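Student: Hi! Could we go through this one together? I'd like to start with a sheet and then talk about confidence.

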Amino acid sequence: MHSICFQATGVPGSNYIFDSCSPALAISKPINLRFCGLRKEAFGFSGLTHSSSGRVHFSSRGHSKKVSASAESNGSPPKSFDYDLIIIGAGVGGHGAALHAVEKGLKTAIIEGDVVGGTCVNRGCVPSKALLAVSGKMRELQSEHHMKALGLQVSAAGYDRQGVADHANNLASKIQSNLTNSMKALGVDILTGVGTIVGPQKVKYGKVGFPDNIVTAKNIIIATGSVPFVPKGIEVDGKTVITSDHALKLESVPDWIAIVGSGYIGLEFSDVYTALGSEVTFIEALDQLMPGFDPEIGKLAQRVLINPRKIDYHTGVFATKITPAKDGKPVIIELIDAKTKEPKDTLEVDAALIATGRAPFTNGLGLENVNVVTQRGFVPVDERLRVIDTNGNLVPHLYCIGDANGKMMLAHAASAQGISVVEQVTGQGHVLNHLSIPAACFTHPEISMVGLTEPQAREKAQKEGFEVGVAKTSFKANTKALAENEGEGLAKLIYRPDNGEILGVHIFGLHAADLIHEASNAIALGTRIQDIKFAVHAHPTLSEVLDELFKSAKVKAAASSHGPVSEPVAV
Amino acid sequence: MQTQFGSAVFPRLLRRSLSYIPSILYSLHSLLNLFHFFRFLSNSSPQSQKHKEMASPFLSNTIISFSSSLSSSSSLPRLAPSIPFSAIRSKSTPRRILTVRSKIREIFMPALSSTMTEGKIVSWVKSEGDVLSKGESVVVVESDKADMDVETFYDGILAAIVVGEGETAPVGAAIGILAETEDEIAEAKAKAASKSGASTPSAPPPAPTPAAASTPAPPKSTPAPAAPTVAEGPRKTVATPYAKKLAKQHKVDIESVVGTGPYGRITPEDIEAAAGLSPSKKNVGLAVVVETKPAAPAKAPAASAAPSSLPPPVPGSTVVPFTTMQSAVSKNMVESLSVPTFRVGYPVTTDALDALYEKVKPKGVTMTALLAKAAAMALAQHPVVNSSCKDGKSFTYNSNINIAVAVAINGGLITPVLQDADKLDLYLLSQKWKELVEKARAKQLQPQEYNSGTFTLSNLGMFGVDRFDAILPPGQGAIMAVGASKPTVVADADGFFSVKNKMLVNVTADHRIIYGADLAAFLQTFSKIVENAESLTL
């Protein structure tokens, strides 16, 4: 749009840059000479974004960069830019966007106010995976029954808390430096300090106590992520009442810990703590545990991950007040009924982990300077992740990805959104299909899912008038799972029998998180069951669970005639 | 299957003939289809079972004869025998009236696949006393194929569970009893009692199973009521999640248990004590409680054999499980009892050694290195002391002289090994030792760095210990215990008195291979080397 994608047929890879000032001139796929900007959706965009959009700047290209000049004039967009793209926040979303932007030839800077890697790498997915790796191994070693069945003898498995904590910390530092290096190597400028939007296409950044710098960019992506959400009435002291930020440091393993919230975070920590010897009490505001999961999977997960472990739970209650342990008293949790609001119970535990979700981190972003008001902290965006202002208009050149927009609070979703935005600003008109983004919970065994849950699918089916089919397979019939002595598990496919569309896949079982991608890729690429069922899976592998799942679906539509390979290929 | 599809074979097959592929695919397919077939069967089984005359395949309207009902009710005096069953029956809905003789129904073990002969109860989704409504999952049954939720086709109350979780019952056997109204629960329970006696749980009964709903468990002798230690008043009972689970499992009334945990809470140990079970190991800080399952077979044989004969622990004592290192020490020590050992002591004059030590100390040489070097040099002349007895039938002469040195580290004991101590010079040895100690502290010793010793040195001289007795580690022939070097008045052959530094060393050896004379000769050599300490620097 702002740039022209210009590609000569037959010369893939050659980059015709006509204007040194706009490296945004990017390559599209090697098809015929075309103007990527000339698209229906692009026109729609220009209509919404008034005349000050990038299109106008076409004439101004070729001007030499005059940062100072443009920085002076507050309020109006600068005429030339320091960068093609500035990303505020160097988490996984920002990182993914930056890498893709460089690939697309954009001059890119990333502003990091805290640590490269953001929540995922430093206080989220990454260190928690280290802890979960330990908990998985502990679980195996402690399960005499399991070991015996394999013919193994292990005596008194133990662990060293500090060693486990160090493992998590080392992993985080390693991934963090990997991310930093990958960006540096590609030539992404890493600007340190808190980024604030001061006007259209203009960002100020700087550390506390240092003068602010102002930089301009053709496009800005907000990727500031989120912080643990702590409901009011809960006093977090970081020792006995903690959030995931503290828990990941594993400074202690309490005998008894209450976990407020039974979503992904709570569930993963219950896996870690019980493996390390703690007893766990879940506090869930909704009527059932694991409310986000497909009910059937949730039920099975509860049977495997909750009931046999040293876990009990209170559902349908709010923790209105949590007082940290002090003056010789334990942590005290006051519960009220979620519906009647009547006081229900008081718990005394050694520690409480607040896992009630995450709140967007958007304070101080300067959104008011571009007339944007957050909704419960989230930056409002359209389906193309363009930021919407108070009047419901799109803010030109401003995008928001990841936890800060609240669409799907997952690291890889943020990264996918970032890539999608880069595709858009380089004229590809990309829209991310959020239903194709998988999610996983790394308990033992793991839970993974993509697309709709069964109730969601049924609701949609009723609205749109189609039939829903459900197919299930068990890990008990899978050779590899049985060889591992891990036959506990279920895969569930929700689909449309009329056309073979995959609506959702849910897996609970060994390595479920790694298995989901066959389904998520199929959804992303629009592959239908009648076609994917002919794909071959190596035997014996866990992937055959999905193979069998697709084969057990009863689809009325015939396989598409133009299969991936219609002619026999000699090998 | 495996070989056909092994990656090594598959490409060749492809090359040979493409026509193989469909047949292979077909065979794979047919296998998978076979499974689908079973699944299909299992799904459709509710309609296809032989109990067709019954409204439900597994929840049959059992025909409980009146006499048996009466007799069972008579055993429960609370149930007024005058309640006419017909009166209750009249409330039942018309659609069932044809088949229903009683409102008490048995829940049968369903046949979930054509090949299933027995099923294991994975879990009861509902507990005794829960109200069930038609279509709800009641129990999860594991067949030879899969876990299946089994639903109820009737409204009612789950009066009794006959076959408990984890137990197995043949297809068609009663696994639970469903009562239609609360009034019938007692009767149903009585019926369950008679059933549970007859049912043959194939799993070994671990403790009193919850299934035995027969009579309420005999009152367990719970610790003295109203313990004075706990705060009085209407303080609510606090029990940990696992304590609650155990209480349910062992039918312990949690209110009657006095908590001994932090803040007076009831811990799993309290429940186990109340249930009269031997307490499982408490989990303190490090290490971890073994997952549930009271039976703990073949784990630390030496340790598990003992507890029954030991006196009960003194109240208030804490039990801290061994760390891995401590477990290893314990295991080795018990193992050492199988080796016939003896000891020989020897006084060694150390003036020369002390003088040398003063000289080389600034160069980073430690006393440990000096002693190790001296021992290694002596061992080189007495290879039998460096040998070991692996099988009780032969000598194993070690080609290297590897001196293991016992080091106390963070509540543990480890023996970093100075390999080829006879060949390395003092300075290299000292450097090596420094590295080993650092590694040991950081828990980074590689196995060959602590288990390749052929002779062990243990020195407690720095504490002022004058002599002690070391235990021979398994796999080695001898261990030397070194005491402190002390000024001692000695008289020489001519009757002159002098003061010399003397150090007592005491060697423990395996008498199967090392005899008294061997050890004495070795010690004499060692003593000479130490007395002519300059040779150590050569």
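Student: In what sense do E19(A) and strand E20 of chain A pair, and over how many bridges?
Tutor: Happy to help, and keep in mind that this is a predicted model. E19(A) pairs with E20(A), residues 446-451, in the antiparallel sense, over three bridges. Within E20(A), Ile447(A) is the residue that stands opposite Cys441(A).

Student: Nice. What is the strand order in the whole sheet?
Tutor: The sheet in chain A is an open one of five strands, running E19-E20-E23-E22-E21, with antiparallel pairing.

Student: Which strands sit at the edges?
Tutor: Those are E19(A), residues 439-441, and E21(A), residues 469-474, each of which pairs on one side only.

Student: And by how much are neighbouring strands turned against each other?
Tutor: On average by 10°, ignoring direction.

Student: Which helix packs on the sheet, and what does that helix touch?
Tutor: Helix H12 of chain A, residues 454-464, does. H12(A) touches E20, E21, E22 (490-495) and E23 (502-509) of chain A, and its direction makes about 10° with that of E22(A).

Student: Switching topic: what is the mean pLDDT of chain B?
Tutor: The mean is 71, and 65% of the residues of chain B reach 70 or more.

Student: Where in chain B does pLDDT stay under 50?
Tutor: One such stretch is residues 198-233, for which the model has 31 contacts beyond four places in sequence. Residues 281-308 of chain B are also below 50, and that stretch has 47 contacts in the model beyond near neighbours in sequence.

Student: Last one: what are the ipTM and pTM?
Tutor: The model scores 0.75 for ipTM and 0.56 for pTM.

Terms used: Residues numbered from 1 in each chain as written. Chains lettered and ligands numbered in written order. Predicted model: local features only at pLDDT ≥ 70, side-chain atom pairs only at ≥ 80, totals over all residues. Heavy atoms only, no water. pLDDT = per-residue confidence, 0-100. Contact = heavy atoms within 4.5 Å. Pairing = 2+ DSSP bridges. Helix = DSSP H or I, 4+ residues; strand = E, 2+ residues; numbered from the N terminus. Axes fitted to C-alpha atoms, helices over the stretch in contact; angles between N-to-C directions.
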